[in-house]
Amino acid sequence: MSKFDFSPRDFPFNNRNALLDDYTPDELVGRDDELEEYHAALQPAIDQSKPDNIFLYGKTGVGKTAATRFLLDRLERAGDEHGVNIHTKIINCDGIDTSYRVAVELINSFRESTERISETGHPRSKVYDMMWNTFDELGSIIILVLDEIDHLQDDSILYQLSRARENRQLQSARISLVGISNDLSYREQLSPKVRSSICERSINFKAYDAIELREVLQQRKSIAFQDDVLEDDVIPLCAAFGAQESGDARKALDLLLKAGDIAQEDNNDIVTAEHVRRGRKLLEREEVKRGILGLNEQEQILLYALTTFEATDSTPIRSRSLYHRYEQLADNAGREVLTTRWMHDHLDELEMLGLVTIDKLNEGSSGGQYKTVALSQALESVVSALATTIQSIGIHPSIEPFLPE
DNA sequence: TTTCCACAGGAATAAAGGGCGA
DNA sequence: TCGCCCTTTATTCCTGTGGAAA
């Protein structure tokens, strides 16, 4: 048998899927208060009445989406049992971030594949009309969940959906909106008319503490792993790392999964704390790499310009100097040189991805206000992830010692 | 207290690309 | 085919910012 043939591996997992993002367990651990409040808010649906619009908020990985999937699944099943027609739809606004796109996505998600419409080309008013018709054809209680609602660039769709009955757009369907956000200040950014509609009920999901994270991990461990394959300190260690990441259960579960994967690749009988530590480093590196590979070429050149300063210990560097280096690199590579305005916007994006740190300084009348930028990830990791870009635009002398062998 | 500096960043606009329907 | 209506991305213009210096 060749080493490249595939055969099922029976260690250490029982059901690896139980640690993946889209898995919904039979019980949600450590979220009793939130579930109780959320359940009460959705209850009117089963009584054939429209639930209030709900706004869920809390940090990443605290169970907002999991709780939503968990309760909507039960609500739909209860609807089937009691003969109540309830439709639900979850849309992630990361990627579907305009009112227009959300409307198109809603239309297409409730239509047969042959009746779907294209993503561009229609007047907005026509898209809304199609959406109301689609909802009225369903003629029931429709619960629409907009996950990562803070990614929406405009709130037109929120206003339209929350006021659809009042504005006589809908005859038979009744819509409840559930907005989910990690951004605690998002509500304040909404226009007052939208805020009052969409935040009829707000539910705060608090961060998991280390004890709650242990319970979550224990529950998934019993499904995902075979008996007695985890060393005693694996779960506490994953929970401690998850608690450090502001109580993020997703991170803790990813770490447990990674530790299991490493043990499997190493053909070890037991998953150990060492596997967890190695997994953590790998996950961090993968996250940096994913972030960088998701950038376009211009952003990668900008980031590369910053690494050339980092390589000579010249950071934090003023944005003006960074722009000059970017200009030089892009020009040498025969690429279009974009403006400083573009750079400012995209530096913010790099900061959001955790790749750079930006500080604002002010030297008053002798120097004015300006930004300084520094790399916030290990230089070698960033250079390694930028390898293709570096190859295509040429190596700057300052980073040569940091190129991977 | 006022002025000054050097951007930072919001708003409006342009350009390019793509689908629809007459 | 062409005009319309969207999208995304970048540019231009211009006001705002806030600490140091006068």
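This is a short tour of a predicted model, with suggestions for what to select at each stop.

**Stop 1: the whole of chain A**

Start with chain A on its own. Its C-alpha trace spans about 70 × 60 × 50 Å along the principal axes, and you can pick out 16 helices and eight strands. Of its 405 residues, 37% count as buried. Among contacts with a separation of 6 or more, 73% join residues 24 or more positions apart.

**Stop 2: colour by confidence**

Now colour chain A by pLDDT. The mean is 87, and 98% of the residues reach 70 or more. Select residues 32–42 next: this is helix 1, where confidence is highest, at a mean of 95. Then go to residues 186–189, helix 6, where it is lowest, at 72. A word of care for any such region: where pLDDT is low, the predicted coordinates should not be read in detail.

**Stop 3: strand 1 and its neighbours**

Select residues 54–57, which form strand 1. Which way do its residues point? Ile54 and Leu56 face one way, Phe55 and Tyr57 face the other, and all of them are buried. That fits a general pattern: in a regular strand the side chains alternate between the two faces of the sheet.

Add residues 174–181, strand 4, which runs parallel to strand 1 and is joined to it by four bridges. Here Phe55 has Gly179 as its bridge partner. Then add residues 201–204: this is strand 5, also paired with strand 1 in the parallel sense over four bridges. Look for Tyr57 opposite Asn204 in strand 5.

**Stop 4: helix 11**

Move on to residues 273–293 and check the distance between the end C-alpha atoms of this helix, helix 11. With 21 residues at 1.5 Å a residue, helix 11 should span 30 Å, and its ends are indeed 30 Å apart, so the two values agree.

Which residues of helix 11 are buried? Show His275, Val276, Gly279, Val288 and Ile292. To see what covers them, display helix 9 (234–244), helix 10 (249–265), helix 12 (297–310) and helix 15 (379–385), which are included in that cover.

**Stop 5: the surface near DNA strand C**

Finish by displaying DNA strand C with the 20 residues around it. Tyr100, Pro123, Arg124, Arg341 and Gly364 come nearest. Two elements give two or more residues to this surface: helix 4 (124–138) and helix 14 (340–352). Colour the surface by class and you will find four nonpolar, twelve polar and four charged residues.

Terms used: Residues numbered from 1 in each chain as written. Chains lettered and ligands numbered in written order. Predicted model: local features only at pLDDT ≥ 70, side-chain atom pairs only at ≥ 80, totals over all residues. Near = placed C-beta within 6 Å. Nonpolar A, V, L, I, M, F, W, Y, C, P; charged D, E, K, R; others polar. pLDDT = per-residue confidence, 0-100. Buried ≥ 20, exposed ≤ 12 C-beta atoms within 10 Å, placed from the backbone. Contact = placed C-beta atoms within 7 Å. Expected span 1.5 Å × (residues − 1). Pairing = 2+ DSSP bridges.
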